[in-house]
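Here is a friendly walk through one protein model, stop by stop. Have a look at the structure first, and then we'll go through some of its details.

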Amino acid sequence: MPDLEPLTLPTADAGTAAWSAWLSTRTDDQLAVAREQIASLKADRPDRAAELLDRWNGINTALSNAFAASSLVQQVHPDAAVREQAEQAQVEAHRLLTDLSLDRAVYDLMVVDDAEQRTSGLDDDAERVRNVALRDFRRSGVDRDQATRDRVRQINERETELGQAFERNIRDDVTTVKVRPEQLAGLPADWVEAHPVGDDGLVELSLEYPDVVPMLTFATDREARLTVATAFNNRAWPANDDVLVELMNLRQEHAALLGYDGWPAYDAEVKMIGTGDAIAAFIEKISTAAEASAVRDRDIILERVRQDRPEAEAVDGADTRFYIEAIKREQHSVDAQEVRRYFAFEKVRQGLLDVTGRLFDLGYVQVDAPTWHPDVTSYDVTLAGQPIGRIHLDLHPRPHKFSHAAQFTLTDGVTGRQLPEGVLVCNFPQGLMEHDDVVTLFHEFGHLIHHVVGGHQRWVRLTGVATEWDFVEAPSQLLEEWAWDVTVLQGFATDETGTPIPADLVARMREAEDFAKGLTTRTQMFYAALSYRIHQEPPADGAGIAALSRELQATYSMIAPLPETHFHAAFGHLDSYSSGYYTYMWSLVIAKDLFSAFDRDDLFAPEVAARYRDRILAQGGRRDAADLVEDFLGRPFGFDSFATWLAQ
Ligand SMILES: [Zn+2]
């Protein structure tokens, strides 16, 4: 078998025509391949189910390629024309996927196999692929009457457009705010230096994380924090109100057409959690478990706020980060400005590669591969010396780029056909990083490793992160633990003079991190409840969304809402995770249990890391996530490790 080659991309300065042509080969051409293969499948029915599945796999590989390139490029490419082409290509890919999922002739080919006993001899993976395909066909409505299928087709198309509009409005919001120079009091000197005073005597700030997070964490001037927090929580508003209302109501109609009691029931059917009701129950279970510690955290913060503002009645979004930071500094002796001296970006990136390389026996060789922007660094990845894929790290902000942090697929791995390639798209500063940023980087890299290590399957439908979607945050949240370990950190976190971060500082950071855990958990349940309820009972207008958001914030969060803010408008997960924001906490419960198998005194212990890599990551979606976890732990996963962590 010939060695598989990674893709060759145009260079960053190749120009619109070159990028357009390349994108077309990854989208239009791949969709043409898929169309041709669908037609030939229908014209010439294979004799055996095994052969039919092989051809099904080819169709899905071509579709996956078109989805991967279009999803990534629209979020990262600096050229607006190329981003627009990518959006259009994604619409086309969705259209073909919808057509295929409603194609009665293809469904019939697959469904008659059992009756004709053509499925004998399928191995477990092939059997799983077949079952997943039949399940997806039924969930798409292929066996419904013509009128239903026509309406589902219309809805699918509109859902795609609305999802794109929602994300575009967030990405393209380039609002800035201005503050007076003295309002930067409290910010680190290197940060102030990078934010010069303009001709109008004011300092202009973007709403990207490297500006917003330090302002909310360090600015001693509450008015300045309020200005930034208010603008940040109005990104993409009011533009996204109508988009959300239409999208939520369409999803509701979509689920009802297919016989489900709401979108969450439809969406949860293919998740570990199983039902919509179970989402509501899970949110209540976690909220109750976190109640006492969240109230305690809130009271400590409010008491500290009142030292500065005796009239304060609640903790709000302009104060939360600042006072959590103050408490960590004053009561736990952790000064984030002292901490960040040890986290220079270049050292952290190299440290991350060294740590994950040692842990999982991975090698990373930096390659001078062309990409869409000079900021991107690319590496070939090896496992035990054998090439297993390529990764690209796009880690700094720029205008019109995806503004959060996520892993994107460039190619899904298919054995013998194509290497897995993944991309991290994040927004970290170029210089010194907050420790929170370091944790985020480890988190996202957990997804990337899952994509590459798990990306060696014969079946594209089972490759990489293709597990149940509410398990997908477990490997990433597990890897965060390494960013809190003193031995791990001392391997790369050194200050300007090369002195490693002191062990007692890391100990205090961990102790301080335990503070506000209950409060954070309740905030997460606010987000989870909003994502669930906005889908279960879609509001009729933007005011309805704002009212629902306020009601749920009052119920679950310990933080008071800021007046005249609309955070839901830029809550990107409402598109990508729909009613499933609970996923993070669900996965965290599992991640805490997975971590219990590791030796906390030696996080590099090779046996357990290799077992985790081989029995969970490398399996991709070959088995149900609960079974993979049980295979690793030697028992089913449970709630105890999480409850212990929460009570600490
Ligand atoms: Zn994640």
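## Two odd backbone spots

Let's begin with Ser578, which sits in the loop between α23 (573–576) and α24. Helices here are DSSP runs of H or I with at least four residues, strands are runs of E with at least two, and both are numbered from the N terminus. This is a predicted model, where local features need pLDDT of at least 70 and side-chain atom pairs count only at pLDDT 80 or more, while totals for chains, interfaces and linings use all residues. Residues are numbered from 1 along each chain as its sequence is written, and side-chain values use heavy atoms, with hydrogens and water left out.

What makes Ser578 stand out is its phi: about 40°, so positive, although Ser578 is not a glycine. Most residues other than glycine have a negative phi, and most peptide bonds are trans. Ser578 is also buried, at 5% relative accessibility. For that label, buried means under 20% relative accessible area, exposed means over 50%, and partly exposed is in between, using a 1.4 Å probe and protein chains only.

Ala236 has a positive phi too, of about 60°, and is not a glycine either. Its home is the loop between α10 and α11, and with 3% relative accessibility Ala236 is buried. Pro238 is placed in the loop between α10 (222–232) and α11 (239–257). The peptide bond leading from Trp237 to Pro238 is cis, with omega near 5°.

## Lys592 and Trp645

Helix α24 covers residues 583–595, and Lys592 is found in it. Is Lys592 buried or exposed? Lys592 is buried, with a relative accessible area of 11%. Setting aside neighbours within four places in sequence, Lys592 is in contact with Glu481, Ser641, Phe642 and Trp645. Contact here means heavy atoms within 4.5 Å.

Trp645 belongs to helix α27 (residues 640–647). Trp645 is buried as well, at a relative accessible area of 18%. Beyond its neighbours within four places in sequence, Trp645 is in contact with Lys517, Leu588 and Lys592. Between Trp645 and Val589, which are 56 residues apart along the chain, the C-alpha atoms are separated by 9.7 Å.

## The zinc site

Which protein atoms are the donors of the zinc ion? They are His443 (NE2), His447 (NE2) and Glu473 (OE), lying 2.0 to 2.1 Å from the ion. Donors are N, O and S atoms within 2.8 Å of the metal (3.2 Å for Na, K and Ca), and water is not among the atoms, so sites may look incomplete.

Along the chain, the zinc donors follow the spacing H-x3-H-x25-E. His443 and His447 are four residues apart in helix α17 (residues 435–453), so about one helical turn separates them. His443 is buried at 8% relative accessible area, and His447 is buried at 9%.

## Helices that pack together

Two packed helices are described by the angle between their axes and the distance between the axes. Axes are lines fitted to C-alpha atoms, for helices over the stretch in contact, and angles run from 0 to 180 degrees between N-to-C directions.

Helix α4 (residues 80–101) packs against helix α7 (residues 146–171) at about 155°, and their axes are 10 Å apart. That makes α4 roughly antiparallel to α7. By angle, under 35 degrees counts as roughly parallel, over 145 as roughly antiparallel, 65 to 115 as roughly perpendicular and the rest as oblique. By class, the contact of α4 with α7 has one nonpolar, six polar and eight charged residues. Ala, Val, Leu, Ile, Met, Phe, Trp, Tyr, Cys and Pro count as nonpolar, Asp, Glu, Lys and Arg as charged, and the others, Gly among them, as polar.

Helix α1 (residues 16–26) packs with α4 at about 15°, with the axes 9 Å apart. That makes α1 roughly parallel to α4. On the α1 side, the contact is made by Thr16, Trp19, Ser20, Leu23 and Ser24, and on the α4 side by Ala81, Val82, Gln85 and Ala86. These residues divide into five nonpolar, four polar and no charged.
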